Amino acid sequence: MLQKTNFHTHTLYCDGKNTPEEMVQAAIEKKFVSLGFSSHSYTAYDTGYCMAKEDIPKYQNEIRALQKKYQNQIQIFCGVEQDFYAESGIEGFDYVIGSVHAIAKDGNCYTIDASKAQTNQLVTQEFDGDFLKLAECYFETVAHVVEQTDADIIGHFDLITKFYENAAWLEDKRYRFAAWAAMEHLLQFDKPFEINTGAIYRGFRTEAYPAVWLLKALQKQGGKVLLSSDSHDTHSLGYGFETILSMIQEIGFQSMCIWTENGMKEVDISNKKVFL
């Protein structure tokens, strides 16, 4: 059986709903062996969801204190979800999730995952009403997220689909080419793509990020994956893990990645059916 881990975890330091210690206690109760925190880096284009610059040292100190307090019960890591347009560094963190939450156009940054209404407005005002133009811009940015953020993990690769799971434009060749081109570029860095169940838990999608067709393409090219619940509250920790495990086994993945005190490690999943 597989041991439960989660490396994409948010708290009250950014847009989460619980304190770090509450998240740790929930993870212990759910029999997790390790928990990685990943508060959002500071972004000037949107300060409503991220850590304040002055809170970053406080965040790091609190997570380090929890590491010591709970060292005999669970392994804790202090990571960061580093936005492509972050204006804070990655010093002092155990690992980095590289993510794109916004795109830049004409010198301005526009958030793409805040609300459907806001994204629709963005498409109308900046992309001539063409969702595919937005998607192309988004994936051109995502393609360079490892280089930009020095990421250890590629976060929610196709976040652009958050509000549009059944949109007709997702079947368009332009969308598929843009997504695949970004994935192909990222494969050279040998970093795991996060399989993220957060949007399922929050009711935005029925599939995890990345979509199944992308996971199939990733598996054929020998890409790596890492499972996360992108948790913003205690209840979501480990959400949907059993279902996703079965799905990626059916696709053909033989292993998945976890973060350890010695860095990234691949664990065999070929004969594992359930989590402890």
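## The second largest pocket

In this predicted model, the second largest pocket holds about 250 Å³ of space. It has 15 lining residues, and the ones nearest its centre are Gln 3, Thr 5, Val 33, Ile 258 and Val 267. Sorted by chemistry, the lining of this second largest pocket comes out as seven nonpolar, five polar and three charged residues.

Where do those residues sit in the fold? Three strands each put at least two residues into the lining of the second largest pocket: β2 (32-40), β10 (255-260) and β11 (263-268). The largest share belongs to β10, with four residues.

## The β10–β11 hairpin

Two of those contributing strands, β10 and β11, are also partners. They form a hairpin with two residues between them. The strands run antiparallel, and six bridges join β10 to β11. If you want a spot to start looking, take Thr 260: its bridge partner in β11 is Gly 263.

## The largest pocket

Now for the largest pocket, with about 390 Å³ of space. A total of 24 residues line it, and Asp 15, His 101, Asp 113, Lys 162 and His 232 are the closest to its centre.

How does the lining of the largest pocket divide into nonpolar, polar and charged residues? The split is eight nonpolar, nine polar and seven charged. For the second largest pocket, the corresponding numbers are seven nonpolar, five polar and three charged.

Conventions
Residues numbered from 1 in each chain as written. Predicted model: local features only at pLDDT ≥ 70, side-chain atom pairs only at ≥ 80, totals over all residues. Heavy atoms only, no water. 1 Å grid on protein atoms, 1.4 Å probe; cavity = no way out; pocket = protein on both sides within 12 Å on 5 of 7 lines; lining within 4 Å. Points joined across faces, edges and corners; volume = space filled by probe spheres on them. Nonpolar A, V, L, I, M, F, W, Y, C, P; charged D, E, K, R; others polar. Pairing = 2+ DSSP bridges.
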